[in-house]
Amino acid sequence: MADGTIPAQYHRRHGANPQEYALSTSSNTGKRAAPDSSDLPESPALLEHFYREMLRIRVFERFSEQAYRAGLAGGYLHVYSGMEATAIGWLSCIEKHDPVITAYRDHGHALYLGCDATACMAEIMGRSGGLSRGKGGSMHLYSAEHNFYGGWGIVGGHTALGVGLAFGTKYQGSDAVTHCFFGDGAANAGVLFEVMNMASLWDLPVIFIIENNEFAMGTRLEYHAAETELHKRAEGFGMEHERIDGMDVLEVRQHARRIIDRVRKTSRPYFLEIMNYRFAGHGAADNDQSLYRTPEELERAKKRDPILLLENHMRKNNVMTDEKMEAIQAEVEEEMEKVYADAAASPKPDPEEVYTDVYTDMLPEKGH
Ligand SMILES: Cc1ncc(C[n+]2csc(CCOP(=O)(O)OP(=O)(O)O)c2C)c(N)n1
C-alpha cells in the first residue's frame, strides 16, 4: 500500500508487520544477548572476504537468471538474493570435515564452500562441465570433495539425509557437526519431526537450520504455521533452540561460533531459526509476487540488504573506502562474466551419460 503498511489480506491472525517477527531466546539458555556487531573483533581482511563472497553470490545469481531468461538453463532456478549473510556467516565457522546439506536454494552454500563457480554455472546450464556433470541443474549442486551433500528438491526430505550424515560421522568416531539447512515451509514436513526425534534420542551432532525467509513459495509464514516461532517446535524433542537475525553477517557469525562449538562439544542436536528475507520471487518462473507481497514490503526489506548492512558497518568503522568497494564490485562482475561465458562454452553431456549414476535395470544392453 502507498503508506507502506501490509494489507490485511496478507495476514491471517497476527497482524504484525511481517518483518518485525520477534527474535527470541532459547528456552534452555536464558535471555538472548543480541551482539553489537560494531564491536566485533573481526579483522578488515575478514570483512573484505565477507563482502566479496556476498557479492559473488549476488552477481553469480544475476547471471544465472540471465541464463534462464536466455533459455540456457532448463528446469528450476531459485536464487538466494537477500539471504547471503545466513550461509556466509554460518559456514565461515564450520570445520572442513563438517557435512553440509541444504534444499534447492543451494547456489550460495555451494559457492561459499568453495565449489568452482564455473562448474556451478555449467550445472545450472546443464553442461558436461557442471558440478553434477550437467545432470542435476540448479537444484542439485553437490560436491563430496567439499563435504557438500546437495542440493535437494523434495521439500523437507533431505533433513533425513542430514540426520543420516550426523549418524555416520558419529559412528565413525569423528567430531564433525552436520549443518542441515531448510526453509520455513519445509519445517512443516512430517519427516522432519521423525528425524528430530531420532537426533535427540541418539545425541546426534546435527544443527537443524531453518532459513526462515517468511515465505513458502507464495504462502506467508502466518498462513502455513500454527506457531510462527518455528524454533519452538524443538521443545517437543528436548532440544535447545533459538531464533536469530540472518541479515547481518557478523551477527550470524557470532551466533554460529557459539552454537557450533556447543554442538561439537556436547554432541547434542540444536534447532535454530534464522530470520532472513527473500528479495527475488520463489523461483525464476514466479512472475506475480503481487499475489503475496507488496512492493513496499520488499522495499522495506531491502533497507536491510545484507550487503548494504556490511557496507555501512565498514564505512562506520573506516574499514573500507567507497572506492575500494567499487573496485571489488568491478572485480566480481568481471569474474562472473567470465564464469558465464566459460559455462556456456562447456559442451552438453554425451547422451550416453543418461545411463550413468542411476540405479536402473533399463540399460540398453538389456534390450529395454
Ligand atoms: C514434498 C514437496 N512438496 C511440495 C513441493 C513443491 N514446493 C517446491 S518449493 C516449495 C516451498 C518450500 O518453501 P520453503 O521450505 O520455505 O523454502 P524456500 O523456497 O523459502 O527456500 C514447495 C511447496 C516439493 N518440492 N516437495
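**Exercise 1. Determine which residues point each way from strand E6, and whether they are buried or exposed.**

Step 1. Glu240, Glu242 and Ile244 point one way from E6, while His241, Arg243 and Asp245 point the other way. Strands (E, at least two residues) and helices (H or I, at least four) are DSSP runs, numbered from the N terminus.

Step 2. Residues on both faces are buried, where buried means under 20% relative accessible area, exposed over 50% and partly exposed in between (1.4 Å probe, protein chains only). For the strand as a whole (residues 240-245), six of six residues are buried.

Step 3. The basis of these values should be stated: this is a predicted model, in which local features need pLDDT of at least 70, side-chain atom pairs count only at pLDDT 80 or more, and totals for chains, interfaces and linings use all residues. Residues are numbered from 1 along each chain as its sequence is written, and side-chain values use heavy atoms, with hydrogens and water left out.

**Exercise 2. Place E6 in its sheet and state what follows for its edges.**

Step 1. E6 runs parallel to strand E7 (residues 270-275), and six bridges join them. Two strands pair if DSSP finds at least two bridges between them. Within this pair, glutamate 242 stands opposite leucine 272.

Step 2. The open sheet has five strands in the order E1-E2-E3-E7-E6, with parallel pairing. Strand E1 (100-101) and E6 stand at the edges with a single partner strand each, so one side of each has no neighbour in the sheet.

Step 3. The connection from E6 to E7 passes through helix H8 (residues 249-266), and the three elements make a right-handed β-α-β unit. Right-handed means that, with the strands pointing away from the viewer, the path from the first strand over the helix to the second runs clockwise.

**Exercise 3. Describe the surroundings of valine 249.**

Step 1. Valine 249 belongs to helix H8. Its relative accessibility is 1%, so valine 249 counts as buried.

Step 2. Leaving out residues up to four places away in sequence, valine 249 touches Phe50, Met54, Ala85, Ile88, Gly89 and Leu310. Contact means heavy atoms within 4.5 Å.

Step 3. Phenylalanine 50 is 199 residues from valine 249 along the chain, yet their C-alpha atoms are separated by 7.8 Å.

**Exercise 4. Find which side chain makes a polar contact with aspartate 184, and check for a salt bridge.**

Step 1. Aspartate 184 lies in the loop between strand E2 (178-183) and helix H6 (190-201).

Step 2. Aspartate 184 is buried and has no salt bridge; arginine 278, the nearest side chain of opposite charge, is 7.5 Å away. A salt bridge is a side-chain nitrogen of Lys or Arg within 4 Å of a carboxyl oxygen of Asp or Glu. In assigning charge, Lys and Arg count as positive and Asp and Glu as negative, while His and the chain ends are not counted.

Step 3. The side chains of aspartate 184 and histidine 224 are joined by a polar contact of 2.8 Å. A polar contact is a pair of N or O atoms within 3.5 Å; within protein, one must be able to donate a hydrogen and the other to accept it, and residues adjacent in sequence count only if both atoms are side-chain atoms.

**Exercise 5. Locate two residues with positive phi that are not glycine, and a cis peptide bond.**

Step 1. Aspartate 203 has a positive phi of about 50 degrees and sits in the loop between H6 and strand E3 (206-212). Aspartate 203 is partly exposed, at 32% relative accessibility.

Step 2. Asparagine 318 has a positive phi of about 50 degrees and is found in the loop between helix H10 (306-316) and helix H11 (322-345). Asparagine 318 is exposed, at 71% relative accessible area.

Step 3. The cis peptide bond joins glycine 150 and glycine 151, with omega about 25 degrees.
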